[in-house]
Each structure stands twice: as structure tokens, then as C-alpha cells.
Amino acid sequence: MSAPSSFPNPDSNDLDRLHAAVKREKADLAPGQEPAPMWVIFLFMIIAIVAGGQLGPMTGSFSFNISNPFSTGQSGDPRPGNEGAGAAADPFQTAMKKGSSGYAVCGGCHQGSGMGLPGQYPPLAGSEWVLGGTERLIRVVQHGLVGQVTVKGQNYNFPGGMQPFGAAMSAGDLANVLTFIRNSWGNEAHMITKEMVEKVRADEKRATQWTMSDLEAFKDKDVPGEIPAGPGATAAAAK
Ligand code: HEC
């Protein structure tokens, strides 16, 4: 008894062919697990490119330099706590700060309000002496003032007048105080620099206090000199 020739022989290649076909079949995919179609993938790529391009310039004011925690407080650094460093770079703000403490010397007579005391100390607020020519103003404080003076239409003649402050104050201190009185209580005039005070000091050696008539010639004259940024900085320095 012999087996029919059609019965698959376990050693034959047919068995391998049969299994190879089964192996080629992929398992059925569970619903919802099918791979995304190509067009969906391309759509997401385009969205990523467009969104990236938008994000690039839309960073607010972020900058690596400014956000650097080790950066020194250079001027223009807008982070909170660095206003002081920025202000220090502004000569006008520095002069105003220093001048306001230097004004303690003057405030006893001219008052913190700059209004002076009627009949005794003339006002600095709105005074034509303060706002007028810097040649006269610097000389008044440098060498003092005595005799009758007219300020804002009022006459003052304090016994002994005002003492000279030139010897007691450095040129820089004097300049800062004068910048301060020219820009306080509603006053607004360009700053007075140390160089301007030094120039008047070099020009004028004087042992006695000025009188109002002595200074008439300087009433509207400005000391030549470059005025740093601040009020009136663009005004002509010398007349
Ligand atoms: C002891 C009081 C006294 C002190 C301190 C004093 N002054 Fe005077 N100041 C006077 C008197 C008084 C006059 C008017 C002088 C006169 O009558 O001749 C005067 C006049 C002036 C004037 C001209 C008139 C005016 O009102 O604009 C200026 C400017 C001035 N002083 C600025 C200063 C400054 C700046 C300081 C501080 C550095 C100062 N004074 C400190 C008493 C003082």
C-alpha cells in the first residue's frame, strides 16, 4: 500500500511555501491604530514651519544680553533695580541728586521751598538771578552779595548781605547746587558745569562781596561751555 502521490510530503518544499504565505500576512490592526495618512503628516510639518517662523520674531523684548544675570548694570539696562546705574550715567540727574544735598547749606536762609523769607532772604524760585545769566549767578554764590537787591520786583537788604561760598565749596559742588536751584520749584534752566565755575574762578579773584550794580553787566551773560544733556542742553551756551 503506497500513499497517493498528491499527499504532501513533510519533506517537500510545499510546506515552506504554505507558511511563507501565512508569514507575509500582517496582523489585523485594531480600530483607531491605523497609521495617519501622508497628507496629515505633511499638514503638521507645514504648521510647524509656519508657527516656528512666527515664534522667532515674537519674543517680546527678550534678549540674551539683558537677561544675563551676570551682566553689570550698564546704562540702558531696563531691569528693575538698575535705574540707579542708568541715572548715574546721566550728568543732569547726577547733578540734581548731589545738588539737592548740597542745597542744605542754602536752605537755612532761602528755605526748602526756595521761597526765602519776606523782607529778609530773597526767593530763588522764579528769581531772575537764578534763571538769568550764569555769569552773574556763579559770581553771586562764589563771592557773596551785599547791599540792596531787587528780586522779582521786591527789594531786599539783609544786614551783611550773603556771605561768599566760593572758598567753602568745590567747583563741582557749587555747580551741582546751582544746577539744582535752576531746576527746582518750577525753575527750568540749563545746567551749570564744574568747568563753568572753574572758568569764573580763574577769571575773577575778588576779596569783597558783589553789589547789584557791580553785576549789572553780567546779568544776561552766560559762561561759555558745553552743556551736557539735560534741560536747555540745546540752547546756545555763550552769549
Ligand atoms: C545766611 C543766609 C544765606 C545763605 C546760607 C545763603 N544765602 Fe543766598 N542770599 C542771602 C541774602 C540775604 C541774599 C540777598 C543779599 C542782599 O541783600 O544783598 C541772598 C541772595 C542770593 C541770590 C540772589 C538773589 C536771589 O534771590 O535770586 C542767590 C542766587 C542766592 N542768594 C543763592 C544762594 C545759594 C545757592 C546759597 C547756598 C550755596 C545761598 N544763597 C546761601 C542769604 C543767604
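**Figure 1. Close-up of an oxygen atom of the ligand and the backbone of Pro 123.** In this predicted model, where local features need pLDDT of at least 70 and side-chain atom pairs pLDDT 80 or more, while totals for chains, interfaces and linings use all residues, an oxygen atom of the ligand is 2.6 Å from a polar backbone atom of Pro 123. A polar contact is a pair of N or O atoms within 3.5 Å; within protein, one must be able to donate a hydrogen and the other to accept it, and residues adjacent in sequence count only if both atoms are side-chain atoms. Pro 123 belongs to the loop between α6 and α7. Helices are DSSP runs of H or I with at least four residues, strands are runs of E with at least two, and both are numbered from the N terminus. Because its relative accessible area is 8%, Pro 123 counts as buried (buried means under 20%, exposed over 50%, partly exposed in between, with a 1.4 Å probe and protein chains only). Ser 113 is 10 residues from Pro 123 along the chain, and the C-alpha atoms of the two are separated by 8.8 Å. Residues are numbered from 1 along each chain as its sequence is written, and side-chain values use heavy atoms, with hydrogens and water left out.

**Figure 2. Polar contacts of the ligand with Gly 147 and His 110.** An oxygen atom of the ligand lies 2.7 Å from a polar atom in the backbone of Gly 147. The ligand also has a nitrogen atom 2.8 Å from an N or O atom of the His 110 side chain. Gly 147 thus takes part through its backbone, and His 110 through its side chain.

**Figure 3. The iron atom of the ligand with His 110 and Met 162.** His 110, through NE2, and Met 162, through SD, coordinate the iron atom of the ligand at 1.9 to 2.0 Å. Donors are N, O and S atoms within 2.8 Å of the metal (3.2 Å for Na, K and Ca); water is not among the atoms, so sites may look incomplete. The two residues link distant parts of the chain, 52 residues apart: His 110 is in helix α6 (residues 104–110), and Met 162 is in the loop between β2 (154–156) and α9 (171–182). The arrangement around the iron atom is octahedral because its six donor atoms subtend angles of 87 to 179 degrees. Six donors count as octahedral if opposite donors are over 155 degrees apart and all others between 65 and 115. Ideal angles for six octahedral donors are 90 or 180 degrees. His 110 has a relative accessible area of 10%, so this residue is buried. Met 162 reaches 23%, and therefore counts as partly exposed.

**Figure 4. The shell of residues around the ligand.** The ligand is surrounded by 27 residues, of which Cys 106, Cys 109, His 110, Ser 127 and Met 162 are the closest. A residue is near a molecule if one of its heavy atoms lies within 4 Å of it. Helix α6 gives the largest share of this shell, four residues.

**Figure 5. Gly 126 in the loop between α6 and α7.** This loop is the place of Gly 126. Gly 126 is partly exposed because its relative accessibility is 35%. Along the chain, Ser 184 is 58 residues from Gly 126; in space, their C-alpha atoms are separated by 9.5 Å.

**Figure 6. Asn 183, Trp 185 and Met 191 in the loop between α9 and α10.** Asn 183 is found in this loop, as is Trp 185, and so is Met 191. A polar atom of the Asn 183 side chain lies 3.0 Å from the backbone oxygen of Thr 179. Asn 183 is buried, since its relative accessible area is 13%. Trp 185 has a positive phi near 55 degrees, although this residue is not a glycine. Trp 185 is partly exposed, at 27% relative accessibility. Met 191 is buried, at 4%. Between the C-alpha atoms of Met 191 and Gly 230 the distance is 7.0 Å, and in sequence the two are 39 residues apart.

**Figure 7. Lys 152 between the strands β1 and β2.** Lys 152 occupies the loop that joins β1 and β2. Its phi is positive, about 50 degrees, although Lys 152 is not a glycine. With a relative accessibility of 43%, Lys 152 counts as partly exposed.

**Figure 8. The chain as a whole, for orientation.** The chain has 10 helices and two strands. From the N terminus on, the order is α-α-α-α-α-α-α-α-β-β-α-α. Of the 239 residues, 31% count as buried.

Conventions:
Tetrahedral: all angles 85-135°; square planar, octahedral: opposite > 155°, others 65-115°.
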